[in-house]
Amino acid sequence: MQPVFKAMIDGETIAAAIEALESGWLGMGATVAEFEAELARFLELPDNRTVVAVNTGTSALHLALLAAGVGPGDEVLTPAFNNLADMQAILACGAEPVFVDVRLDDYGIDVTGAELMIGSATKAVLPLHYMGFPCDERVYEFAREYELRVVEDACHAIGTRRDNRLIGSEGDLQCFSFDPIKTMTCIDGGAVTCSREDADKIRRARLLGVVQPRERQYLEVGRSLADGGFGGYDVVDDGYRYHLANLHAAIGLSQLKRLPEWIVNRRQIARAYNVAFENLPIVTPEAELPQISMFGYAIRALGGERDELRAHLWEHEIDSGVHWRPAHWLTRFRSCRGAERLPVSDLLGSEIMTLPLWSEMDEEELACVVDAVWGFYG
Ligand SMILES: *Cc1c(COP(=O)(O)O)cnc(C)c1O
C-alpha cells in the first residue's frame, strides 16, 4: 500500500534521538535553543526577527494569535478551506472564526472577499499557504488598511519563497508544524517566526507563563536548576504547557540537515505529476514551482469523479487523502459568520484529493500512481 505521506526517519535521526534520550535532560534545554537558531538560519531571518519553538503547530497558532492580541469576543478572518487546527486555535483564544472564500488559482485566501467580512470585532487575519503555494501577498495591504494583525499558517510552506524571500523571513507572525506527516518532523513540534517583541510574549506563554533568565529556559545538560540563582522566577501572564522538549529538538535538528534536498525532490515529483496529468481532467494550484516547497500534491478531480477515482486508487493499493472538508461543513462551524456563501470552498470540498508525495518517493512509486490515475481515465 502506498501511503499519502511518509516521514523520513533515517539512521541519523534515530542516532540523534538515542543521543538525546541518553543525555540526561529530556525537557526543554539547550538543544531547543540550538534548533531555534538553526531554523532561523534556514529561514534566513533578519536580525529583528526570531524563532520560538513549541510542541505542535496548533500551539504555535494559538500562541501567535494571543501575541497578536486576539482574545474573547474577537473575530479572526480565515479561509473555511483550512486546517481544523486553525479553527480550534481561534476558539482557544475565546475568539470566533469568520470565514472567507479561497481563490480558484492557488486555493489561498480571497482578499477581495475578505474585505466584505470585516466587522467591528475583527482583530486578525489568518491566511494559509496551501500545500506550500504562497497565498496572495495583498493580504498585507488589506491588513494594513483595516489595522489587522496577520498570522500566517505556514505549516505547509517551510522553504517556500515568494519573490525570492522565504516565508517566515518577513511579515507579521508565521506558524510552522513538525508533526509526523510534515515535510520535516520533530515527531511533534512547531514554531513561530515573528518580531523579537512578540517572541518574548510567546516564550513566556509557552512555559506556564514563567518569566526566567534565558540560561534557565534553555538549560545546558549537566547544569542543575539550583545553579546560579535559578530559584527565582515570576509569572505575569497566562501560560500553557506548550514548550518543545530536547528530544524533539534533536530530531528536528537532524531533519533540518536533509530538508534542502527533500524540498528539491518533492518539487521534482510534483513536476513529474504535472507533466503526467497534463491531458487529464485534473487541476492543480497554479504557481511557479521553482519557488515552492511542496508539502503535498493536491488535485481537483473534475466532473464529480473524485470519490470514484479514490476508490480506484485504493483498489490499486494507493492511498489518497482529502485535505480538507471545509470547516463550514462541520457542525461546530456551520453558523460562523461568512459560512453562508463560500462557493469555491464548496467546490474544493467536493473535488479536492491528495495523491502520494514524500521526500524520497522513487520513480517506480511515482509511476505506479501515474499509471493508476491514467487507468481510471482509460
Ligand atoms: C499540520 C497542520 C497544522 C497543525 O499542526 P500540528 O503540529 O499537527 O498541531 C495546522 N495547519 C496546517 C495547514 C497543517 O498542515
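**Exercise 1.** Among contacts in the chain between residues at least 6 apart in sequence, what percentage join residues at least 24 apart?

*Solution.* Start with the term: a contact means heavy atoms within 4.5 Å. Take the contacts between residues at least 6 apart in sequence; 74% of them join residues at least 24 apart.

*Ground rules.* This is a predicted model: local features need pLDDT of at least 70, side-chain atom pairs count only at pLDDT 80 or more, and totals for chains, interfaces and linings use all residues. Numbering runs from 1 along each chain as its sequence is written, and side-chain values use heavy atoms, leaving out hydrogens and water.

**Exercise 2.** Find how many helices and strands the chain has, then judge its compactness.

*Solution.* Count DSSP runs from the N terminus: helices are H or I, at least four residues, and strands are E, at least two. The chain has twelve helices and 14 strands. Next, the radius of gyration is 21 Å, close to the 21 Å from the globule rule for 378 residues, so the chain is as compact as a globular protein of that length. The radius is taken over C-alpha atoms, and the rule is 2.2 Å times the number of residues to the power 0.38.

**Exercise 3.** Trace the open sheet that contains strand 13.

*Solution.* Two strands pair if DSSP finds at least two bridges between them. Three strands form the sheet, in the order 12-13-14, with antiparallel pairing. Strand 12 (282-283) and strand 14 (352-355) are the edges, each pairing on one side only. Two bridges join strand 12 to strand 13 (residues 297-301). Valine 283 has arginine 300, in strand 13, as its bridge partner.
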